[in-house]
Amino acid sequence: MNWQEIANNLILIPPQPIALIHFLGGAFVATAPQATYRRLLEGLANQGYAVIATPFLTSVDHAGIAEEALHQFEDTVDRLQRTARLPQFLPIYGIGHSMGCKLHLLIGSLFEVKRAGNILISFNNAPIDKAIPFADLITPAVPIEFSPNPTQTNRLVERHYQVPRNLLVKFSNDTLDQTLRLSGLLEQRFPGMISIQRLAGNHLTPLGQDVRWQPGDTFTPLDAVGQWFRQELYKDVNHLEKAILRWLDPLSVI
């Protein structure tokens, strides 16, 4: 499979997809998800999941970004289905990392969408002065904040979020993560439908890239060391991928 661009989205479609993933990345790194999240997204595609990753530019208008991301995603799905490249009626899952979690929460709260579930990795809903370094120095005379701000976002989720089944992923060494606060909100809205997965790693773990080790015609001790190094280097992102796959299909053998 090779990455392709359709309607400003980056897509990977396996031969017989079993479900469709709409991926939204974190602030700033979401502009090129096929590069920044390549290891994770290609791993999911290799397991049969079609991936549509929507790039976006970071701004304070998070509701506007969410709306545009949804429109781009739906436009791409429509084009793929009209050309028979994507089957009709596939279950759709949202996957978000950091700010991408907030965008999926806004999509599920502000718009009528059908999702089989959402996977929210390292949720971050911090105010702008904590989310962006030196934000208070950008326009010191005019206070600025994300729209919706953290309090408004929590209220929207509490009252309007429409996706009952959710997997929340929290890494052990992530000082930006606000997953536990979110889990309380979602558990009140959908009791018994929220899963929390605690994994080793940090806020940047989903960005782990795959350096592919290509052994020669004869497998040597150096190749063995290279394979071991690769497995150790990407152990955390491998665990993340397996946790996602288990939640998507608990009966699968990984």
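Two strands count as paired when DSSP finds at least two bridges between them. Keep that in mind for the first stop on this tour of a predicted model.

**Stop 1: a strand pair.** Select residues 166-173, strand E7, together with residues 194-202, strand E8. The two run parallel, and 7 bridges join them. For a single example, pick Phe171 and look across to E8, where Leu199 is its bridge partner. Now add residues 179-189, which form helix H8. With E7 and E8, helix H8 makes up a β-α-β unit, and the unit is right-handed.

**Zoom out.** Show the whole chain for a moment: there are 10 helices and 8 strands to look through. Of its 254 residues, 49% count as buried. Switch on a surface and you're looking at about 12800 Å² exposed by the chain, with carbon and sulfur atoms supplying 55% of it. As for contacts between residues at least 6 apart in sequence, 77% of them join residues at least 24 apart.

**Stop 2: a lysine with no salt bridge.** Go to helix H4, residues 99-110, and select Lys102. This lysine is buried, yet it has no salt bridge. Which side chain of opposite charge is nearest to Lys102? That's Glu145, 6.6 Å away, whereas a salt bridge needs the charged atoms within 4 Å. Beyond its sequence neighbours within four places, Lys102 contacts His62, Phe123, Asn124, Asn125, Phe146, Pro148 and Thr153.

**Stop 3: a cis peptide.** One of those contacts, Pro148, deserves a click of its own. The peptide bond leading into Pro148 from Ser147 is cis, its omega near 0 degrees. You'll find Pro148 in the loop between helix H6 (135-138) and helix H7 (150-160).

**Stop 4: two positive phi values.** Back at H4, step into the loop that separates strand E5 (92-97) from this helix and select Ser98. Ser98 isn't a glycine, but its phi is positive, near 60 degrees. Then jump to Phe28, in the loop between E3 and helix H1 (33-36). Phe28 is another non-glycine with a positive phi, about 75 degrees. Are these two residues buried or exposed? Ser98 is buried, at 9% relative accessible area, while Phe28 is exposed, at 53%.

**Last stop: Pro14.** Select the loop between strand E2 (9-12) and strand E3 (19-24), which holds Pro14. Its relative accessible area is 6%, so Pro14 counts as buried. Setting aside residues up to four places away in sequence, Pro14 touches Met1, Ala45, Gly48, Tyr49 and Ala50. To finish, draw a C-alpha to C-alpha distance from Pro14 to Asn2: 9.6 Å, for residues 12 apart in sequence.

Technical notes. Residues numbered from 1 in each chain as written. Predicted model: local features only at pLDDT ≥ 70, side-chain atom pairs only at ≥ 80, totals over all residues. Heavy atoms only, no water. Helix = DSSP H or I, 4+ residues; strand = E, 2+ residues; numbered from the N terminus. Buried < 20%, exposed > 50% of the residue type's maximum accessible area, 1.4 Å probe, protein only. Lys, Arg positive; Asp, Glu negative; His and termini not counted. Contact = heavy atoms within 4.5 Å. Areas by Shrake-Rupley, 256 points an atom, 1.4 Å probe, with all protein chains shown as cover. Right-handed = clockwise from strand over helix to strand, strands pointing away.
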